[in-house]
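User: I have a model with a ligand in it. How should I read the site and the surface?

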Amino acid sequence: MSILITGGAGYIGSHTCVELLNDGREIIIADNFSNSKPKVLETIKELTGRSFRFYEADICDKSALERIFSENEITEVIHFAGYKAVAESVKFPLKYYHNNVCGSLVLLEVMNAFNCKNLVFSSSATVYGMPENVPVSEDSSLFTLNPYGQTKLMIENICRDLCDSDGDWSVTLLRYFNPVGAHESGRLGEDPNGIPNNLMPIILQAAKGKIPELNVFGNDYSTPDGTCIRDYIHVVDLAKGHIAALSAMKKGAEVYNLGTGKGYSVLEIIEAFKRTNSVELPYKIAPRRPGDAARCWSLPSKAERELGWKAELGIERMCADSWRFAELKMSDADS
Ligand code: NAD
Ligand code: WQD
């Protein structure tokens, strides 16, 4: 009996695989390396001292998924595989709808055919759009601002319809806030193919001198220091949230916020990063980025109440672990 991890070579997936293996679970990873590297699989094995099956497969490829299900006894799926770059989704919407929505549909069809009806899905705080009130709870209103967000909401709705139609399905929709940080060994972290889009990978590049400076997108928002506030969560806490979700699975569709419940502004993150790591971080104030909400942080109490899960690692660990990973990775790349 195994858990299939789609997108398990990626940032959140790889950390979740480490936690699952350390928890004694049997896993199988399927990934097409569109945004990750094969080396991650070896690192997961070295960090855990455990082995697992891997399939280089695209979730849009039905016959590849059928092969995985016919060769293994899969009882649950944690579904990370998807594209996640907001700006790219605006430029190439079909690419995003195809990979994220069609890929999820194919996965659900194959799961159904093999009578595997337990799913944990990576949703996102992006489904809250520009929240009018913070913190956002699971029943805050949903609104999407870009094709990426649409794909997450569409997949959530597909899962809800599926659970309504067939009482044997259990689907846990996890809405992640802003994942940052890395494994404490410094050997796993966020290592996207291509140019990063999110704040922490860009901070790492600026601190390393790979880019001249960080652009702070807007300092005229209605927040105490004028910069946007987000709920940054350590990726290891997030990974542990998946184990809690698997253990608490019940019939029907359930949704949980995975966040810390605490917001930090961009300037606070910059200060925390400099202070924690004793490094310089050049930045300048730049124009607002279209589509950014001024404030977004979670009410995470449902996950604490029902999953028995709570984020434990604070902002210093997020900054220190991110930096350790960057130092190792970037010195690797230089050598
Ligand atoms: P990631 O890009 O690091 O990982 C995704 C993995 O899926 C990659 O290894 C990629 O190669 C793989 N993949 C993509 N399309 C695939 C396909 N068709 N078939 C097989 N493999 C495929 O991203 P991540 O940050 O680890 O995010 C994981 C999930 O969590 C995504 O669904 C993302 O939308 C969601 N999410 C991420 C964030 C974030 O900020 N990182 C926030 C909320 C939700
Ligand atoms: C954080 C803050 C920027 C870069 C996105 C997705 C969301 C989820 C997480 C997947 C914002 C500011 C950023 C920079 C900056 N992903 N910033 N300079 O936009 O909150 O969320 O990633 O589901 O769906 O929308 O995250 O890391 O891009 O930005 O000032 O160079 O950092 O304006 O306030 P965001 P982010």
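Analyst: We take the ligand site, then a surface patch. Keep in mind that the model is predicted.

User: Start with the shell. How many residues surround ligand 1?

Analyst: A residue joins the shell if one of its heavy atoms lies within 4 Å of the ligand. Here 27 residues surround ligand 1. Asp31, Asn35, Ser36, Asn99 and Tyr148 are the closest. By class, 12 are nonpolar, 11 polar and 4 charged.

User: Which side chains offer polar atoms to ligand 1?

Analyst: Look for N or O pairs within 3.5 Å. The side chain of Asn35 puts an N or O atom 2.7 Å from an oxygen atom of ligand 1. Ser36 does so too, with a side-chain N or O atom 2.7 Å from a ligand oxygen atom. For Asn32, a polar side-chain atom sits 3.2 Å from a nitrogen atom of ligand 1.

User: How much of ligand 1 does the protein bury?

Analyst: Start from the ligand taken alone. Ligand 1 then exposes 810 Å², and the protein buries 96% of that.

User: Which elements give two or more residues to the shell?

Analyst: They are helix H1 (11-22), strand E5 (118-124) and helix H6 (147-165). E5 gives the most, with 3 residues.

User: Now the surface. Which residues make the nonpolar patch?

Analyst: Met130, Phe143 and Leu145 make a patch of about 290 Å². Leu145 lies in the loop between E5 and H6.

User: Why can Leu145 count towards a patch?

Analyst: A patch residue needs over 30% relative accessible area. Leu145 clears that cut-off because its relative accessible area is 40%, which is partly exposed.

Terms used: Residues numbered from 1 in each chain as written. Chains lettered and ligands numbered in written order. Predicted model: local features only at pLDDT ≥ 70, side-chain atom pairs only at ≥ 80, totals over all residues. Heavy atoms only, no water. Polar contact = N/O pair within 3.5 Å; in protein donor to acceptor, adjacent residues only side chain to side chain. Areas by Shrake-Rupley, 256 points an atom, 1.4 Å probe, with all protein chains shown as cover. Helix = DSSP H or I, 4+ residues; strand = E, 2+ residues; numbered from the N terminus. Nonpolar A, V, L, I, M, F, W, Y, C, P; charged D, E, K, R; others polar. Patch = residues over 30% accessible without salt bridge, like charges linked within 9 Å, V, L, I, M, F, W, Y side chains within 5 Å. Salt bridge = Lys/Arg side-chain N within 4 Å of Asp/Glu carboxyl O. Buried < 20%, exposed > 50% of the residue type's maximum accessible area, 1.4 Å probe, protein only.
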